[in-house]
Amino acid sequence: MSQDEKFMREALKEAGKAADRGEVPIGAVIVSHGKILARGHNQPIGKNDPTAHAEIVAIRKASAKKKNYRLSESVLYVTLEPCAMCLGAVVQARLGRLVFGALDPKSGAVLSIMTFPMDKTNHRMEILGGVLAGECGRVLKDFFRGRRIR
């Protein structure tokens, strides 16, 4: 198993925590020097906070732990392609690398509904999509299938 798959599996565990709380199952981990620095999962319903996406929760925790808003040596692993808000936060945090699982055809801002103009920003990062995409997508499909049955 590759490092990317290993850490995406950790993000999938976070997605499970979100699902257990009735939140859309998206999970994220931030890794620094091969170790998990922070974890996050979707919490907008529970926190009554539309910005409490998995990525932003993890970025806030990592920044607090590092006592620095710049996370340039870190990698964000997230189970779903980030939305525009989250991708903007990734750029502002100066993350060195972004790795995501499934594409998001409804609000994905990396490849799906828009392509973020990385060439026009003051920060560029490596981006890799599709890591464990099948598993990441299945978690979401199963969650929404269960919601429709109720």
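These exercises walk through selected residues and one helix pair of the model above.

The model is predicted, so local features need pLDDT of at least 70 and side-chain atom pairs count only at pLDDT 80 or more, while totals for chains, interfaces and linings use all residues. Residues are numbered from 1 along each chain as its sequence is written, and side-chain values use heavy atoms, with hydrogens and water left out.

**Exercise 1. Place Asn-42 and describe its surroundings.**

Step 1: locate the residue. Asn-42 sits in the loop that runs between strand E2 (35-41) and helix H2 (44-47). Helices (H or I, at least four residues) and strands (E, at least two) are DSSP runs, numbered from the N terminus.

Step 2: check exposure. Asn-42 has a relative accessible area of 7%. Buried means under 20% relative accessible area, exposed over 50%, and partly exposed in between (1.4 Å probe, protein chains only). Asn-42 is therefore buried.

Step 3: list the contacts, meaning heavy atoms within 4.5 Å. Residues up to four places away in sequence are not counted. Asn-42 touches Ala-18, Glu-23, Val-24, Ile-26, Ala-52, His-53 and Ala-54.

Step 4: look at the side chain. The Asn-42 side chain reaches the backbone nitrogen of Ala-54 at 2.9 Å.

**Exercise 2. Describe how helices H3 and H4 pack.**

Step 1: choose the quantities. Two packed helices are described by the angle between their axes and the distance between the axes. Axes are lines fitted to C-alpha atoms, for helices over the stretch in contact, and angles run from 0 to 180 degrees between N-to-C directions.

Step 2: read the values. For H3 (residues 54-66) and H4 (residues 84-92), the angle is about 25° and the axes are 9 Å apart. That makes H3 roughly parallel to H4. The classes are: under 35 degrees roughly parallel, over 145 roughly antiparallel, 65 to 115 roughly perpendicular, and the rest oblique.

Step 3: name the residues that meet. From H3 come Glu-55, Ile-56 and Ile-59; from H4 come Met-85, Cys-86, Ala-89 and Val-90. By class, this contact of H3 with H4 has six nonpolar, no polar and one charged residues. Ala, Val, Leu, Ile, Met, Phe, Trp, Tyr, Cys and Pro count as nonpolar, Asp, Glu, Lys and Arg as charged, and the others, Gly among them, as polar.

**Exercise 3. Find what Leu-140 in helix H5 touches.**

Step 1: place the residue. Leu-140 belongs to helix H5 (residues 133-149). Its relative accessibility is 11%, so Leu-140 counts as buried.

Step 2: list the partners. Setting aside residues up to four places away in sequence, Leu-140 touches Val-24, Pro-25, Ile-26 and Leu-80.

Step 3: take one partner. Leu-140 and Pro-25 are 115 residues apart in sequence, yet 6.2 Å apart in space, C-alpha to C-alpha.

**Exercise 4. Decide whether Asn-48 and Arg-94 are buried or exposed, and give the phi of each.**

Step 1: recall the background. Most residues other than glycine have a negative phi.

Step 2: take Asn-48. Phi of Asn-48 is positive, near 50°. Asn-48 lies in the loop between H2 and H3. Its relative accessible area is 70%, so Asn-48 is exposed.

Step 3: take Arg-94. Phi of Arg-94 is also positive, near 60°. Arg-94 lies in the loop between H4 and strand E4 (97-102). At 14% relative accessibility, Arg-94 counts as buried.

Notes. Polar contact = N/O pair within 3.5 Å; in protein donor to acceptor, adjacent residues only side chain to side chain.
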